[in-house]
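Please consider the structure below with attention to its side-chain contacts. The discussion takes up aromatic rings and then charged groups.

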Amino acid sequence: MNTAMTELIERVEELFYIESLGKWDKIKSECLEKEKQQIIKAHTSGMAAQVKENYAHKKLHPPLTKMNGEEYYNNTFNQ
């Protein structure tokens, strides 16, 4: 699964000749790492909110997976 950031980077690379490749690689790496951290944080926050919601309403759902944010990212985006 490609993220919007990954697709944007691929399209920019297809459309433009990038003179300063080293600088582009640095910018690209920084953007992708920031996006990864945002995805991990969102997953972790969402899981915590779901646990809190289930506890508050005493819902009897199957136990949540113990997958942390980094595992989620790797399983979803590093295929």
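In this predicted model, F77 counts as buried because its relative accessibility is 17%, which falls under the 20% limit for that class. The ring of F77 pairs with that of Y73 in a tilted arrangement, with 5.2 Å centre to centre and 40 degrees between the planes. Both Y73 and F77 belong to helix α3, which spans residues 69-77. Within that helix they stand four residues apart, or about one turn. Y73 is likewise assigned to the buried class, because its relative accessibility is 12%.

The structure holds two aromatic pairs. Besides the tilted pair, Y72 and F77 form an edge-to-face pair, in which the centres are 6.5 Å apart and the planes meet at 85 degrees. Y72 has a relative accessibility of 29% and therefore counts as partly exposed. The ring pairs link Y72, Y73 and F77 into a cluster.

The charged side chains may be considered next. The count of salt bridges comes to four. One of them joins K28 to E13, with 2.9 Å between the closest N and O atoms. This contact links distant parts of the chain, since K28 lies in helix α2 (residues 21-56) whereas E13 lies in helix α1 (residues 4-15), 15 residues away. E13 is classed as partly exposed because its relative accessibility is 34%.

K28 also meets D25 in a salt bridge, at an N to O distance of 3.8 Å. Here the two residues are three positions apart in helix α2, so about one helical turn separates them. For D25 the relative accessible area is 34%, which means that this residue is partly exposed. Through shared partners, the salt bridges join E13, D25 and K28 into one network.

A further salt bridge involves helix α3, the helix that also holds Y73 and F77. It forms between E70 and K36, whose closest N and O atoms are 3.3 Å apart. E70 lies in helix α3 and K36 in helix α2, so the pair ties together parts that are 34 residues apart in sequence. Are the two partners buried or exposed to some degree? E70 counts as partly exposed because its relative accessibility is 39%, whereas K36 is buried because its relative accessible area is 16%.

Terms used. Residues numbered from 1 in each chain as written. Predicted model: local features only at pLDDT ≥ 70, side-chain atom pairs only at ≥ 80, totals over all residues. Heavy atoms only, no water. Phe/Tyr/Trp six-rings, centres within 6.5 Å; stacked < 30°, edge-to-face > 60°. Buried < 20%, exposed > 50% of the residue type's maximum accessible area, 1.4 Å probe, protein only.
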